[in-house]
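Student: Could you take one part of this model and look at it closely with me, in one connected account? I would like to follow the reasoning step by step, and not just read a list.

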Amino acid sequence: EHLSRGASVLDYGCGTGVLAIAASMFGAGSVEGCDIDPLAVEASRFNAKNNGVAGNFCLPEGIPRERRYDVVVANILCNPLISLAPVLCGHVARGGFLVLSGILSDQVDRIAEAYRRADPAIRLERWREEEGWNVICARAS
């Protein structure tokens, strides 16, 4: 919904790379993904290649701290999302989107508050719920 053609995308905690790969297939200009698990990075590279997607997949230290993206996505659990708030907010370009998922209904407020504290320029835009799992979408102003 928030992906425009040519946008740069970071999939933080990429796992198998599915979000980065999907973003590329939906018109992203560049995709990158990172994960703390080297096997996840390998799996993401393998899956991207097999889907004809060019992308950079690496460990978190491979993503320059100053690099900003039009869209940052993370589908990980509550505690890692909270601890990563400053990092993820720091990668969202002005006017860009931050999309967080893997959030249980009773965790939404805690996570939203952590991100408001980390960067007031990131404002909660919307969230959706399906079978107890939620998505929070914020935009950097």
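Tutor: Strand β4 gives the largest share of the lining of the largest pocket, namely four residues, and this, like everything that follows, is read from a predicted model. The largest pocket holds about 580 Å³ of space, and its lining is made up of 20 residues, of which Glu1, Leu19, Val73, Val99 and Val135 lie nearest its centre. The elements that give two or more residues to this lining are α1, β4 (69–75), β5 (92–104), β6 (122–130) and β7 (133–140).

Helix α1 is one of those elements, and we can follow it away from the pocket. Its buried residues are Ala20, Ile21 and Ala23, and because they fall within an arc of 160° when seen down the axis, they line one face of the helix. The face turned away from that buried side carries Val18 and Met25, which are exposed. Among the elements that cover the buried residues of α1 are β1 (8–12), β2 (30–34), α2 and β3, and after the helix comes glycine 27, with a positive phi near 110°.

Helix α2, which is part of that cover, deserves the closest look. It has 13 residues, 38–50, and at 1.5 Å a residue these should span 18 Å; the C-alpha atoms at its ends are indeed 18 Å apart, so expectation and model agree. Where the helix starts, a side-chain oxygen of aspartate 37 comes to within 2.8 Å of the backbone nitrogen of leucine 39, and after the helix we meet glycine 52, whose phi is positive, near 70°.

Which residues of α2 are buried? They are Ala40, Val41, Ser44 and Ala48, and since they fall within an arc of 100° around the axis, they line one face of the helix. A general rule helps here: an α-helix has 3.6 residues a turn, so residues three or four places apart point the same way. On the other side of α2, the exposed residues are Leu39, Phe46, Lys49 and Asn50. The cover over the buried residues of α2 includes α1 (18–25) and β3 (56–58), just as α2 and β3 are part of what covers the buried residues of α1.

Serine 44, a residue of α2, shows this cover in detail. Its relative accessible area is 0%, and because a residue is buried when that value is under 20%, serine 44 counts as buried. Leaving aside residues up to four places away in sequence, serine 44 touches Cys14, Gly15, Thr16, Gly17, Ile21 and Phe57. One of these contacts, Ile21, is itself a buried residue of α1.

For comparison, consider helix α5, residues 108–118, whose buried residues are Val108, Ile111, Ala112, Ala114 and Tyr115. These cover an arc of only 160° around the axis, which puts them on the same side of α5, while the face turned away from them carries the exposed residues Asp109 and Arg117.

Finally, we can return to two of the strands at the pocket, for glutamate 131 lies in the loop between β6 and β7. Most residues other than glycine have a negative phi, yet the phi of glutamate 131 is positive, near 55°. Its relative accessibility is 74%, and because exposed means over 50%, glutamate 131 counts as exposed.

Notes. Residues are numbered from 1 along each chain as its sequence is written. This is a predicted model: local features need pLDDT of at least 70, side-chain atom pairs count only at pLDDT 80 or more; totals for chains, interfaces and linings use all residues. Side-chain values use heavy atoms; hydrogens and water are left out. The expected span of a helix is 1.5 Å times one less than its number of residues. Buried means under 20% relative accessible area, exposed over 50%, partly exposed in between (1.4 Å probe, protein chains only). The arc is that of the directions from the helix axis to the C-beta atoms. Contact means heavy atoms within 4.5 Å. A polar contact is a pair of N or O atoms within 3.5 Å; within protein, one must be able to donate a hydrogen and the other to accept it, and residues adjacent in sequence count only if both atoms are side-chain atoms. On a 1 Å grid over the protein atoms alone, a cavity is a set of points where a 1.4 Å probe fits but cannot get out, and a pocket is an open set with protein on both sides within 12 Å along at least five of seven lines; lining residues have an atom within 4 Å of a point. Grid points are joined across faces, edges and corners, and a volume is the space filled by probe spheres set on the points.
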